[in-house]
Every structure is written in structure tokens, then in C-alpha cells.
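These are my notebook entries on a single protein model. I set out to look up its helix packing, its enclosed and open spaces, and its backbone exceptions.

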Amino acid sequence: MSHAPGTRRSHSRMPLVAAARGESPARRPVWFMRQAGRSLPEYRAIRAEIGMLESCFDPDLVCEITLQPVRRHDVDAAILFSDIVVPLKAAGVDLDIVAGTGPVIAAPIRSTADVESLPRLDPAAVGAVARAVTKILVQLDEATALIGFAGAPFTLASYLIEGGPSRNYVHTKALMRDDPDTWHALMARLADITITFLQVQLDAGVDAVQVFDSWAGALSEADYRTFVAPHVDRVFAELAEYGVPRIHFGVGTGELLAAMAEPADVIGVDWRVPLEEAVHRVGPGKAVQGNLDPTVLFAGPAVVEREIRRVLDDGRRAVAAGAIGHIVNLGHGVLPDTDPDVLTRAVELIHTL
């Protein structure tokens, strides 16, 4: 199979796309967040001598790492190997990903002047990502979707304002409430960056996109709707013309599910909220994605099978309650010490039930 840049693959045989659209997939679709990464020995081997950000700008390496879990696990989707700070780095923000810490920003944003100095993203600066997408699509079979992704504006803002990962988001919330004009200017600029990054991936041919708002669970629903939702809604609106499934996911966002689902086609649900309950909060007409607890994979085979069956039953109830489809996933990412053979067996079981 070949793929020419700028063309869209047929989605007719992709179980993930079928579930997202309310159609009948040929098999129950499953993929895992962080399926390409530290749980795989082949990933650790290929990354042994190269830094994270450097890896994300190497098309051949991105292609290989993205495809590793597809070959090993037979999942129904590959997700582009990248990091949520890649578009910030490409735009010119001085940052690094520090092992054991995460993204660290050299000069945190705390003022209107800082926001005004935040660079915009030139699509050419993430040309390596587009080339990686093209390489991946040449090797993916026609039933396996490629998911592009980006971090949502709030999560990017929290890194930029705090200077790195945070537990309480003190500076972020202070700026949000003390200076809403500066806050909204920052969020608008970050929405532009997110849109550009996703459009580059979509123009290269990804079959779906997922927007990660990893830290939105730190907010109340009122604050989310006031300070975040307008910017996220614009991101999703700018992607609508591509006609591909748009997935929205956050961690600890049970109270925000209704607001987060509004602009999306698929709402990701972590393990804290049952899928059927998520549908009651969101309303009918959306597909749900999730939501096996990643730590379940460390229990014995009988427990893993029992919990998978429970999630699948919950997914069926969610569809009966009004969801248009269920994409099986974890409630968050694969933990680094997960036995990859357990993931492989989980996929086999999901496909047979």
C-alpha cells in the first residue's frame, strides 16, 4: 500500500473510525495511550543514545517507534510518537525534557509582555513530523488508524507558567484569576499553536486526532467553562473540516466530561468514572473511549481478564445509554514497568470478546 502526501486514506475498514462514527466495526477497537514507549524493550534499545526531543524530530525514528506497538500488540491504532511540548520547542520556546522530571521551561511566562513574546508556530518548523506521518502511513495496513495528537492549550499553559510539572498549579490559577485578559491572550496564542500542529498532521494524512488536556482535572467546571472551553472549542472547530474523529481526553476530569465532550466526537474517560455514567454526564451522541485502570495490568491473568470483561460490559451499557460507540483503552497511559506480553494478551482477549 502506498500513501501520497496530502491524500486521505479510506477509513472504511478501520474499526476505530467506525466506532467513533457510530458504525459497526469489524472487531472491537483497542489501542493504548503511551503504547509506544518505555514498556517496550525495543523502544528502550532505540532510545538508548538519543534524547526525547531529538527523537521527536527524527522522522525515521518517529516512524519506527510509532509502529513498534502495532507490530507487537496488533492494536487497532497507532498514535504518533511525539510529546505535547514539541510544537512549543519547534516554535522557539527554550525548553527541555528532563529525565525523571518532564518538560522544564527556561523562562516561565508570568506577564503580558511574556505572552506577547511567545513565538508563533511556523508549519515548516514541524515538517519532520509531517514527514514521519507519511512514512508511517506507507507501512500501516488499511485497517489500522494513525492518530495524531497535541496538548490542549490549558496543559501547555500550565507548563509555560509553572516552568515545569506542578502539583497545585498555583501560578497558573493565579494568573488565570488575577489577570484574565493576559490569560485569554496566552490561551489564544496556544490554541493557534495547537491548531497549526494538528493541521500539519492532518494535512499529512492522520486518520484521527486526540487532544490531551492532561492537567484540566485541576479545574472546577465553572473555571473550565470560563477560562478554557472557548479556546479548546476553537481548536476542535478548526479541525472539523477534515472529517476525521476528534478525541478529547483529560485525567481526573470526571466533573468536566460534559464540557469537554461538547466540541469532540469521542470523549476519553479515565478509570474513575464508569463508561455508562460518563454517558449520563455527557449525553447521547458521542463515542466513549477507555477505561481500564493501567495498574490492573500488574495483577494476575485472571484479574486482568475479569477487569477487561467488566469494562467491555460497561461499554455495552454505555452504548445502550446513548453512546454511539466504544473504543477500548486504558484510563490513562501504559505505565513504564508494564509487561508488554500482558498488553498483547489483553488485545487478543478484547478482539475475541
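The entries below follow the order in which I looked things up.

**Entry 1. Status of the model**

I note at the outset that this is a predicted model.

**Entry 2. Helix H10 against helix H11**

I began with helix H10, residues 180-204, and helix H11, residues 221-239, whose axes come within 9 Å of each other and cross at roughly 25 degrees. An angle under 35 degrees counts as roughly parallel, so I recorded H10 as roughly parallel to H11. The crossing of H10 past H11 is right-handed.

I then listed the residues that meet. On the H10 side they include Trp 183, Met 187, Ala 191, Ile 195, Leu 198 and Leu 202. On the H11 side they include Phe 227, Val 228, His 231, Val 235 and Leu 239. By class, the residues of this contact divide into 12 nonpolar, five polar and three charged. Among the H10 participants I also noted Asp 192, and among those of H11, Arg 234 and Glu 238.

**Entry 3. Helix H9 against helix H10**

I turned next to the other packing partner I had for H10. H9 and H10 pack at an angle of about 115 degrees, with their axes 5 Å apart. The range of 65 to 115 degrees counts as roughly perpendicular, and H9 is therefore roughly perpendicular to H10.

Here Thr 172, Leu 175, Met 176, Arg 177 and Asp 178 of H9 meet Pro 180, Thr 182 and Trp 183 of H10. The classes in this contact are four nonpolar, two polar and two charged. I marked Pro 180 and Trp 183 of H10 for their part in this contact, and both are also listed in the contact with H11.

**Entry 4. Tyr 242**

I looked up Tyr 242, which lies in the loop between H11 and strand E6 (246-250). Which residues does Tyr 242 contact, leaving aside its neighbours within four places in sequence? They are Arg 8, Gln 199, Leu 202 and Asp 203. Gln 199 and Leu 202 also appear on the H10 side of the contact with H11. I checked one separation as well: the C-alpha atoms of Tyr 242 and Asp 122 are separated by 20 Å, the two residues being 120 apart along the chain.

**Entry 5. Helix H13 against helix H14**

Helix H13, residues 275-282, packs with H14 at an angle of about 25 degrees, and their axes are 7 Å apart. I therefore entered H13 and H14 as roughly parallel to each other. Leu 275, Glu 276 and Val 279 of H13 meet Val 311, Asp 314, Gly 315, Arg 317 and Ala 318 of H14. The contact has four nonpolar, one polar and three charged residues.

**Entry 6. The enclosed cavity**

I found one cavity of 30 Å³ or more in the structure. The volume of the largest cavity is about 50 Å³. Its lining consists of Phe 32, Leu 292, Ile 308, Val 311, Leu 312, Val 328, Asn 329, Ala 346 and Ile 350. Helix H14 (301-320), strand E9 (326-330) and helix H15 (340-352) are the elements that give two or more residues to this lining. Which element gives the most? H14 does, with three residues. The lining holds eight nonpolar residues, one polar residue and no charged residues. I noted that Val 311 lines this cavity and also takes part in the contact with H13.

**Entry 7. The largest pocket**

The largest pocket holds about 1200 Å³ of space. Its lining comprises 35 residues, and those nearest its centre are Arg 34, Arg 38, Met 52, Ser 82 and Asp 83. Strand E2 (95-98) and strand E3 (102-105) each supply at least two of the lining residues. By class, the lining has 20 nonpolar, 11 polar and four charged residues.

**Entry 8. Backbone exceptions**

I closed with the backbone. Most residues other than glycine have a negative phi, and most peptide bonds are trans.

- Arg 34, already noted at the pocket, has a positive phi of about 60 degrees. Arg 34 sits in the loop between helix H1 (15-20) and helix H2 (41-46).
- Tyr 169 has a positive phi of about 55 degrees. Its place is the loop between helix H8 (153-162) and helix H9 (170-178).
- The peptide bond from Gly 290 to Asn 291 is cis, with omega near -5 degrees. Asn 291 belongs to strand E8, residues 287-292.

Notes:
Residues are numbered from 1 along each chain as its sequence is written. This is a predicted model: local features need pLDDT of at least 70, side-chain atom pairs count only at pLDDT 80 or more; totals for chains, interfaces and linings use all residues. Side-chain values use heavy atoms; hydrogens and water are left out. Axes are lines fitted to C-alpha atoms, for helices over the stretch in contact, and angles run from 0 to 180 degrees between N-to-C directions. Helices (H or I, at least four residues) and strands (E, at least two) are DSSP runs, numbered from the N terminus. Angles under 35 degrees count as roughly parallel, over 145 as roughly antiparallel, 65 to 115 as roughly perpendicular and the rest as oblique. A crossing is left-handed if the near helix is turned anticlockwise from the far one by less than a right angle, and right-handed if clockwise. Contact means heavy atoms within 4.5 Å. Ala, Val, Leu, Ile, Met, Phe, Trp, Tyr, Cys and Pro count as nonpolar, Asp, Glu, Lys and Arg as charged, and the others, Gly among them, as polar. On a 1 Å grid over the protein atoms alone, a cavity is a set of points where a 1.4 Å probe fits but cannot get out, and a pocket is an open set with protein on both sides within 12 Å along at least five of seven lines; lining residues have an atom within 4 Å of a point. Grid points are joined across faces, edges and corners, and a volume is the space filled by probe spheres set on the points.
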